[in-house]
Amino acid sequence: MIPSGPRARPRRAGKLLTVAVAAFLAILPGAASAMTTGGAPTPAGAPPAPPSATGAPATGAPSAGTLTLLSAKTSPRVSFFYGVHSPSLRFELESTQLQNDLRIDVVGESGEVVRSFYRNDVEPLTTVGIRWDGMTSAKRPAPNGHYSFRIGAQAAARVAHRAATSTEPLGLGFDFYVYTFPILGPHDYGGAAGRFGAPRAGHTHQGQDVMAACGLPVVAARGGQVQYSGYEGAAGNYIVIDGKGTPYDTAYMHLAQPSPLRTGEPVRTGQPIGVVGDTGDATACHLHFELWGPPGWYEGGSPVDPLPYLKKWDAYS
């Protein structure tokens, strides 16, 4: 028998409006399996630091001296929308002026500026930190891609250079994604019977079965808010997440144990939410993954085939 998702609407509550991964695994027996492939090793726990305020351009005529970049660091090199670790920049400049009006842009691969931050009256040898939340100036999640922080003067005539090595604006690059693959470890997509739309007794399969060893960590493919966390006879232990910044919801079923997260709690992209299991109507260890279109899970939305998306997330996670 091929495992399937729930055959009837589970009872659910109404929609309510960082510790290392190892620490999380310590409270979930059997979860210390290999974590070498797939997924995003993003820790759970305390809320992440808030994003930086964008600030505003200097009033009047912005002013800056000849700028020399003394140090700069971008971290992490791979980030996820609404993840625990936002793309961050720390830098220090030297200048021929006592105070400098700076502009720090987040720039996409084609050179478009997706977000700008303004810092006024910055003195030389002062460390400046910027943390980007992945939102564009239009207040939408930025698309997948490679981005850079670009540091310069608000007056476009002057830009920050590397100390005596370059005449080009500095670009500090990182990769940014809006989803991650939900299993941290080896996995495959099984056979045709585990596909979306495969026949079941009285219904069709509403998700995609991802075969993996029991005990492998399961993480949130997209962060947001826990819409439901509980148990149902067919689904076993499962959790549904209302995705932040998107009308799509994700569901994770047959978890080995109840998720430590509860209905209404926030959850971050890549945050551990449980481990692979075979609870409910399942005869093999696997994750039954569902993707629900707008307006969402059992709110008038419908499940869509998640396999093309899972494969895409798998390729870069």
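This is a short dialogue on how to read a predicted protein model.

Colleague: Where should I start, and how many helices and strands does the protein chain have?

Modeller: Start with the overall make-up. The protein chain has two helices and 20 strands. Of its 317 residues, 50% count as buried. The accessible surface comes to about 13700 Å², and carbon and sulfur atoms account for 55% of that.

Colleague: What pLDDT does the protein chain average?

Modeller: The average is 85, and 80% of the residues score at least 70. Remember that the model is predicted.

Colleague: Which residues have a pLDDT under 50?

Modeller: Here is the general idea first. Where pLDDT is low, the predicted coordinates should not be read in detail. In this structure, pLDDT stays under 50 over residues 1–38, a stretch with 112 contacts beyond four places in sequence in the model. Residues 164–168 are also below 50, and that stretch has four contacts in the model beyond near neighbours in sequence.

Colleague: Thanks. Now the salt bridges: how many are there?

Modeller: The count comes to three salt bridges. To read one, look for a side-chain nitrogen of Lys or Arg within 4 Å of a carboxyl oxygen of Asp or Glu. Arg103 and Asp105 meet this way, at 2.7 Å from N to O. Asp105 also forms a salt bridge with Arg150, at 3.3 Å. That second pair links distant parts of the chain, with Asp105 in strand 4 (residues 100–107) and Arg150 in strand 7 (residues 145–153), 45 residues apart.

Colleague: Is Asp105 buried or exposed?

Modeller: Asp105 counts as buried because its relative accessible area is 6%, and the cut-off for buried is under 20%. Its partners read differently on that scale: Arg103 is partly exposed at 28%, and Arg150 is partly exposed at 29%.

Colleague: And which residue forms a salt bridge with Asp133?

Modeller: That is Arg115, with the closest N and O atoms 3.1 Å apart. Arg115 lies in strand 5 (residues 113–122) and Asp133 in the loop between strand 6 (127–131) and strand 7, so the pair ties together parts that are 18 residues apart in sequence. Arg115 is buried, with a relative accessible area of 14%, while Asp133 is partly exposed at 25%. As for shared partners, salt bridges join Arg103, Asp105 and Arg150 into one network.

Colleague: What does Thr74 touch, leaving out residues up to four places away in sequence?

Modeller: Thr74, in strand 1 (residues 67–75), touches Ser88, Leu89, Phe149, Leu172, Gly173 and Phe174. Thr74 is buried, with a relative accessible area of 4%.

Colleague: How do I read the backbone angles?

Modeller: Most residues other than glycine have a negative phi, and most peptide bonds are trans. With that in mind, look for exceptions. A cis peptide bond joins Ser75 and Pro76, with omega about -15°; Pro76 sits in the loop between strand 1 and strand 2 (78–80). The bond from Pro294 to Pro295 is cis too, with omega near 5°, and Pro295 is in the loop between strand 19 (286–292) and strand 20 (303–304).

Colleague: Where is Tyr82 found?

Modeller: Tyr82 is in the loop between strand 2 and strand 3 (88–95). Although Tyr82 is not a glycine, its phi is positive, about 55°. Tyr82 is buried, with a relative accessible area of 18%. Tyr298 also has a positive phi, near 55°. Tyr298 lies in the loop between strand 19 and strand 20 and is partly exposed at 22%.

Note on methods
Residues are numbered from 1 along each chain as its sequence is written. Side-chain values use heavy atoms; hydrogens and water are left out. Helices (H or I, at least four residues) and strands (E, at least two) are DSSP runs, numbered from the N terminus. Buried means under 20% relative accessible area, exposed over 50%, partly exposed in between (1.4 Å probe, protein chains only). Accessible areas come from the Shrake-Rupley method with a 1.4 Å probe; for residues, only the protein chains shown count as cover. pLDDT is the predictor's confidence in each residue, from 0 to 100. Contact means heavy atoms within 4.5 Å.
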